[in-house]
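Work through these exercises with the structure open beside you. Try each task before reading its solution.

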Amino acid sequence: AFTDSKAKTVEVPINYIDSSFCGLTPMTTGGNCGSGCTWSYNHKDKKLLITGGTMTNFTTTNVPWKDQITNITTVEIQTTMNVGSNAFNGATALTTVTLHDSMTSIGDSSFNGCSSLSTITLPTMLTTIGTNSFTATKISNLTIYDKVSTIKSSAFNTNTIKTVEFTGTTEPTCDSSVFTTSVTEVKVPIGYTNKFCTFLSNNTP
């Protein structure tokens, strides 16, 4: 059908049976990724956009964008209430993440192994941060807002975090495995226990 060898891309609807369409790379790939939740990946910009509803908790083998996982550089999540488990596990090229401010939970191992990710702004309405959610990233500074009530084990088990600030007056539930001893400064409101300090090499309570 296409005889021009110079053709590089063909843009087709996402419900085409053959998404590669005659061996050519589509401009975008996408579909459903949860209840009322959809995704679209732009192959040129290497950007993944997720909108609406609730994202599924995945395994590393059934993530809808698993074929693009090592190419994604940017993730933007709009109006979706959570990040599903393992959603971006192993996204080694990922450098930019935008999370909707009304998001309430980040699932287990959701950003595990995102070795190029150096900054993250957590949503102000976030309540739960899952196990190993940011393990093996390059995040150096972190602010955890007042709605967070649960931080699961090894959530920020990465050797690059230096500064952590808690803004809430109610101390979240967590244990000493949340951070590694790379953290040199922790800022907590008056009234917190010293459990955030016992595993730090240096700290500022």
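**Exercise 1. Follow the pairing around strand S12.**

Task: find which strands pair with S12, in which sense, and over how many bridges.

Solution.
- Step 1. Start with strand S13, residues 185-187. S12 and S13 run parallel and share three bridges.
- Step 2. Pick one bridge between them. Glu-165 has Lys-187 in S13 as its bridge partner.
- Step 3. Now take S10. It pairs with S12 in the parallel sense, over four bridges.
- Step 4. Pick a bridge here too. Leu-142 is partnered by Val-164 in S12.

**Exercise 2. Judge the confidence.**

Task: state the average pLDDT of this predicted model, and locate a stretch where pLDDT stays under 50.

Solution.
- Step 1. Remember that the model is predicted.
- Step 2. Read the average: the protein has a mean pLDDT of 85. A score of at least 70 is reached by 80% of the residues.
- Step 3. Go to residues 198-205, where pLDDT stays under 50. The model gives this stretch 22 contacts beyond four places in sequence.

**Exercise 3. Order the strands of two open sheets.**

Task: write down the strand order of the four-stranded sheet and of the six-stranded sheet. Then name the edge strands of each.

Solution.
- Step 1. The open sheet of four strands reads S6-S8-S9-S11, and its pairing is parallel.
- Step 2. Look at its ends. S6 and S11 each have a single partner strand, so each has one side without a neighbour in the sheet.
- Step 3. Check one pairing inside this sheet. S6 and S8 run parallel and are joined by two bridges. Val-83 has Ile-106 in S8 as its bridge partner.
- Step 4. Turn to the open sheet of six strands. The order is S4-S1-S2-S3-S5-S7, and the pairing is mixed.
- Step 5. Find its edges. Strand S4 (54-55) and S7 have a single partner strand each, so one side of each lacks a neighbour in the sheet.
- Step 6. Check a pairing here. Strand S1 (residues 28-35) and strand S2 (residues 37-42) are antiparallel, with six bridges between them. Thr-29 has Tyr-41 in S2 as its bridge partner.

**Exercise 4. Track down the salt bridges.**

Task: how many salt bridges does the count give, and which side chains form them?

Solution.
- Step 1. Recall the principle. Side chains of opposite charge can pair when their charged atoms come close.
- Step 2. Apply the cut-off: nitrogen and oxygen must lie within 4 Å. The count comes to three salt bridges.
- Step 3. Take Lys-47 and Glu-76, with N and O 2.8 Å apart. Lys-47 sits in strand S3 (residues 47-51) and Glu-76 in strand S5 (residues 74-78), so the pair ties together parts 29 residues apart in sequence. Lys-47 is partly exposed, at 30% relative accessibility.
- Step 4. Take Lys-66 and Asp-67, whose closest N and O atoms are 3.6 Å apart. Lys-66 is partly exposed at 40%, while Asp-67 is exposed at 61%.
- Step 5. Take Glu-185 and Lys-187, at 3.9 Å from N to O. Glu-185 is partly exposed at 24%, and Lys-187 is partly exposed at 37%.

**Exercise 5. Read the aromatic pairs.**

Task: how many aromatic pairs does the search find? For Phe-88 with Phe-111, and Phe-134 with Phe-156, decide what parts they tie together and whether the rings are buried or exposed.

Solution.
- Step 1. The whole structure holds eight aromatic pairs.
- Step 2. Phe-88 and Phe-111 are stacked, with centres 5.2 Å apart and 25 degrees between the planes. Phe-88 is in the loop between S6 and S7, and Phe-111 in the loop between S8 and S9, so the pair ties together parts 23 residues apart in sequence.
- Step 3. Check accessibility, where buried means under 20%. Phe-88 is buried at 0%, and Phe-111 is buried at 0%.
- Step 4. Phe-134 and Phe-156 are stacked, at 5.2 Å centre to centre and 5 degrees between the planes. Phe-134 is in the loop between S9 and S10, and Phe-156 in the loop between S11 and S12, so this pair ties together parts 22 residues apart in sequence.
- Step 5. Phe-134 is buried at 0%. Phe-156 is buried at 1%.
- Step 6. Widen the view. Ring pairs link a cluster whose members include Trp-39, Phe-58, Trp-65, Phe-88, Phe-111, Phe-134 and Phe-156. Phe-166 and Phe-179 also belong to this cluster.

How values were computed: Residues are numbered from 1 along each chain as its sequence is written. Side-chain values use heavy atoms; hydrogens and water are left out. pLDDT is the predictor's confidence in each residue, from 0 to 100. Contact means heavy atoms within 4.5 Å. Buried means under 20% relative accessible area, exposed over 50%, partly exposed in between (1.4 Å probe, protein chains only). Rings of Phe, Tyr and Trp (its six-membered ring) pair if their centres lie within 6.5 Å; planes under 30 degrees apart count as stacked, over 60 as edge-to-face and the rest as tilted. Two strands pair if DSSP finds at least two bridges between them.
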